[in-house]
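Q: Could you take me through one part of this structure up close? I'd like a single connected walk through it, with the wider chain as backdrop.

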Amino acid sequence: MSAYREGREPVRHKPLALLCAQCAQRRVVRNADDTFVCERCDLEQPVFAVTPLPSDPVAKEWRGLPEGMAKTTVEDLTAFAREMGITEPAASLTVACNGLGVVVEVATSSGHPVGVDLRVNVAGLPPVTLRVETKEHVDAKRTGLTVEVQTGDAAFDERVFVESAAAPEDLALTLASPAVRRAIVTVLDHVGSVELTELGIEVGLRGEGACAPARLRELVLALRTIAGAPRVLSPSTEETPRRVNVARAVLFCVAPIVLAPLIHALHRYATFSVLIGVVAAGLAGLVWLVLQPPLRRLVAGRSRSHLDFAMLRGVLLGDLFVAALAALLLVNGAGDRSAPRHVELVAYEVGYDSEDHQAIVYAMDGPEKHSFSFDDPQRRIHLPATVTATFRQGRLGFPWQQGNAVVHWSSDDAKGK
Ligand SMILES: [Zn+2]
């Protein structure tokens with residue numbers, strides 16, 4: 001009736017659960033009521049809170065310094081702990097905030113403090129990563145590649161990028177609470193991203209000022225508000241489309257498949273010309289560009305589409321380059337109809353690779369410099385020396401060496417390539 005009077009549809013939503021804003025009692029809401037009364041503390045409150053309840057966190061538990069952590073290293077967290085009434089050095093404390101515990105602790109890396117972690121252990125939130133929205137996100141959305149849940153709250157939608165495999169309607173319900181949206185924006189004023197998981201919320205503050213009590217207090221309240229957000233009772237996930245998984249599997253499987261012929265081609269038909277790599281890169285790049293639009297269409301439509309697209313196009317470029325190089329080498333070498341040219345070259349320098357126990361023999365073929373490697377564990381190869389080899393012109397004009405070269409020096413011979 002009231003819906004008729006106000007000229008709009010009544011709000012409909014899936015059954016949801018949330019935590020009382022005052023005492024954190026879990027409450028299930030099955031109908032479209034705007035408000036509910038907490039069974040434990042009797043507070044009547046909106047389902048989708050507009051403002052968080054004011055709260056002053058109080059210390060519930062705390063832990064002193066672990067063995068080996070110097071007193072001075074947690075000097076900064078002490079200021080916050082002291083505000084909570086703890087005068088001894090604390091590495092970790094749990095504060096109660098509107099009935100819910102928020103853990104605040106010194107984060108360490110190899111025993112050294114690097115900042116402060118804040119954590120709320122709470123079940124049922126939709127798994128989602130909330131990020132500060134970047135130009136990359138905006139571009140991906142504008143081109144239709146990536147689709148993100150919009151809340152209709154311009155300030156939130158512009159500031160926050162919602163990245164999740166949770167169903168959009170489930171996310172929309174969690175974000176329907178203005179107090180929760182504001183709390184998320186508050187958190188993102190301090191960190192680049194915050195992750196909600198089935199186990200709760202964790203935020204890592206790093207760098208200068210990570211332990212400022214005012215900052216920690218603000219974050220504790222924000223995390224408490226987010227932790228109480230409405231969440232669906234039966235969450236559904238937006239599965240990655242089959243076509244995206246197939247494309248990913250194909251592109252990753254193709255890599256070893258095209259690598260095998262390349263290794264074979266490099267072993268038998270390696271050319272002296274680095275130009276073949278440039279040509280292969282050019283060919284691969286052209287095909288890659290042509291394949292961008294269909295690949296983009298294939299992955300489009302989800303909040304992680306821009307990430308899938310970046311990953312898949314990277315793998316595709318690698319696959320195409322390897323395939324192009326293998327194909328060029330094989331056509332150039334295996335398809336070569338030119339007459340073999342047997343040469344005898346006079347070496348002008350002999351180097352030594354002590355790691356591989358190989359002699360590197362340098363010689364000129366007209367204006368062309370060549371180097372040949374020969375196994376030489378006893379370092380016997382020396383000047384004066386000559387190298388005999390068979391050169392071919394290459395079907396595509398990239399000269400290559402057929403078979404092994406042979407080096408002659410003094411009275412001794414060795415075989416190599
Ligand atoms: Zn309550």
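**A close look at strand 8 and its partners**

A: Let's start with one pair: D117 sits across from G204 in strand 12. Keep in mind that this is a predicted model.

That pair belongs to a longer stretch of pairing. Strand 8 and strand 12 (residues 200–206) run antiparallel, joined by 7 bridges. Strand 8 also has strand 7 as a partner: strand 7 (residues 100–109) and strand 8 (residues 112–121) are antiparallel as well, over 7 bridges. In that pairing, V106 stands opposite V116 in strand 8.

Now for the turn. Strand 7 and strand 8 make a hairpin with 2 residues between them. One to click on there is S110, which sits in the turn with a positive phi of about 50°.

Back over on strand 12, have a look at R206, which lies in that strand. If you set aside neighbours within four places in sequence, R206 is in contact with V114 and G115. Both of those fall within the residue range of strand 8, 112–121. As for its surroundings, R206 has 12 C-beta neighbours inside 10 Å, so it counts as exposed, the cut-off for that being 12 or fewer. You can also gauge R206 against V103: the two are 103 residues apart along the chain, and their C-alpha atoms are separated by 16 Å.

Zooming out, the protein chain has 10 helices and 19 strands. Its radius of gyration is 33 Å, well over the 22 Å that the globule rule gives for 417 residues, so the chain is more spread out than a compact globule. Along the principal axes, the C-alpha atoms fill a box of roughly 105 × 60 × 30 Å. Buried residues come to 32% of the 417. And if you take the contacts with a separation of 6 or more, 66% of them link residues 24 or more positions apart.

How far should you trust it, going by confidence? The protein chain averages a pLDDT of 87, with 93% of the residues scoring at least 70. Helix 6 (residues 178–188) is where confidence is highest, at a mean of 95, while helix 1 (residues 2–6) has the lowest, at 35. Around that start of the chain, pLDDT stays under 50 over residues 1–10, and the model has 4 contacts for that stretch beyond four places in sequence.

Methods:
Residues numbered from 1 in each chain as written. Predicted model: local features only at pLDDT ≥ 70, side-chain atom pairs only at ≥ 80, totals over all residues. Helix = DSSP H or I, 4+ residues; strand = E, 2+ residues; numbered from the N terminus. Rg over C-alpha atoms; globule rule 2.2 N^0.38 Å. Buried ≥ 20, exposed ≤ 12 C-beta atoms within 10 Å, placed from the backbone. Contact = placed C-beta atoms within 7 Å. Pairing = 2+ DSSP bridges. pLDDT = per-residue confidence, 0-100.
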